[in-house]
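Here are some notes for a first look at this model. Please keep the structure open as you read.

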Amino acid sequence: MLQAFISGEHALKLWLWSFVAVGIAAGVISGYFKARKIQPRGFKLKTFRNEAIVAVITLAVSGKIMAAASGWLRVHGWITFHRGPAAWWIVALEFAAYFLLFDTYFYWLHRAMHKEPFYSWVHKLHHKSTSPNLLTTLSVNPLESIINGGFVPLFLATFTVHEPTMALILPTNIIMGLYVHSGYEFLPRWWNRSWATKWFITATFHDQHHRYFNGNYGGYTTIWDYLCGTVRKKYEGDFEAVKDRAAARRNAEMPAPAERLATEAAE
C-alpha cells in the first residue's frame with residue numbers, strides 16, 4: 001500500500017506540493033516575500049477572517065450554479081469539444097481568442113460594476129479588502145462570481161475549441177486570479193519597460209485598483225485601460241518603488257566589497 005502511495009500520480013502530487021511548500025517556507029524565512037509586499041502594512045486579520053467566510057459561501061453557491069449550468073449546456077449539445085490532436089498554432093489561436101475576449105468582457109463589466117446601483121448591490125463586497133491577498137480572489141458576491149465565471153461556458157457555447165485549449169483556459173483563470181490578488185509583486189523591473197510585456201497585468205496594477213477603488217479595471221491586460229485612459233497615473237512609479245525596495249533589501253544583505261575579498265581570500 002505504501003509503495004502504491006509513493007509511486008505514479010501520488011508521487012507526482014506529493015513532490016509538487018512539497019516543492020511548493022518548501023518554496024513558500026524559504027521565501028518567508030529569507031525575507032523574499034516581505035521585500036516584495038506591495039502594501040507592507042496592509043494586512044488586517046479581521047478583513048482576512050471576513051473574506052474566508054465570504055469565500056466559503058460564494059464557492060458553495062456559485063460553484064453549484066455554474067456546475068449545473070455548464071452540465072446542462074453540455075448535455076444539450078451547446079458545449080462540445082474537438083476531439084483528437086490539434087496543431088499547436090490552432091490551440092494558440094483558440095487560447096488567444098479566449099484571452100483577449102475575456103479581457104474585453106471583464107474590463108467593461110468591471111467598469112460598469114463601479115457605477116451605482118451595481119457597485120452597492122454586487123461589487124462593493126469585493127472591495128472590502130483595500131490590501132488584497134489570495135483569499136480576496138474568492139471573496140466576492142456570488143452573483144459577481146457567476147458573472148465573471150460565466151464567460152467560460154458562454155465562450156465554449158459560442159466557439160468549439162480543442163480539448164488542449166480548455167486545459168489552458170482553466171489554469172489561466174485560477175493562476176491569474178490568485179496572482180493579481182496576491183499582494184506581492186514578483187515580476188521583474190523590465191516588465192513595464194518593454195512593449196512586449198507591459199500590456200500584461202501585474203499584481204501592482206490590480207492592487208492599486210483595490211487600494212484606490214477606481215482605475216486599473218483590466219483582468220488580464222492593461223490594453224483597455226490604456227486605450228480608455230483609466231490607468232492610474234502612479235501605477236508605473238509604484239511598480240518601480242516595489243522593485244527599488246526589493247533591490248535595497250538585496251543590496252543590504254550583500255557583504256561589502258572588502259568583506260567579500262577577505263572571505264574569498266580566506267577560502
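1. Start where two helices meet. In this predicted model, V152, F155 and L156 of helix 8 are in contact with M166, I169 and N173 of helix 9. By class, the residues of this contact are five nonpolar, one polar and no charged.

2. Now the geometry. The axes of helix 8 and helix 9 come within 12 Å. They cross at roughly 160°. Angles over 145 degrees count as roughly antiparallel, so helix 8 is roughly antiparallel to helix 9. The crossing of the two is right-handed.

3. Look at I169 next. Which residues does I169 touch, leaving out those up to four places away in sequence? They are F95, Y98, V152 and F155.

4. Step back to the largest nonpolar core. It holds 27 residues. Those that touch the most other members are Y98, F102, V152, F155, L156, I169 and Y220. Helix 5 (88–112), helix 8 (151–158), helix 9 (163–180), helix 10 (203–212) and helix 12 (235–253) each supply at least two core residues. Helix 9 gives the most, with five. As general background, nonpolar side chains tend to be buried together in soluble globular proteins.

5. Finish with D244, which lies in helix 12. Is D244 buried, partly exposed or exposed? Its relative accessibility is 42%. Partly exposed covers the range between under 20% and over 50%, so D244 counts as partly exposed. Check A35 as well: the C-alpha atoms of D244 and A35 are separated by 9.5 Å, although the two residues are 209 residues apart along the chain.

Notes. Residues are numbered from 1 along each chain as its sequence is written. This is a predicted model: local features need pLDDT of at least 70, side-chain atom pairs count only at pLDDT 80 or more; totals for chains, interfaces and linings use all residues. Side-chain values use heavy atoms; hydrogens and water are left out. A nonpolar core is a set of buried Ala, Val, Leu, Ile, Met, Phe, Trp, Tyr and Cys residues joined through side-chain atoms within 4.5 Å. Buried means under 20% relative accessible area, exposed over 50%, partly exposed in between (1.4 Å probe, protein chains only). Helices (H or I, at least four residues) and strands (E, at least two) are DSSP runs, numbered from the N terminus. Contact means heavy atoms within 4.5 Å. Axes are lines fitted to C-alpha atoms, for helices over the stretch in contact, and angles run from 0 to 180 degrees between N-to-C directions. Angles under 35 degrees count as roughly parallel, over 145 as roughly antiparallel, 65 to 115 as roughly perpendicular and the rest as oblique. A crossing is left-handed if the near helix is turned anticlockwise from the far one by less than a right angle, and right-handed if clockwise. Ala, Val, Leu, Ile, Met, Phe, Trp, Tyr, Cys and Pro count as nonpolar, Asp, Glu, Lys and Arg as charged, and the others, Gly among them, as polar.
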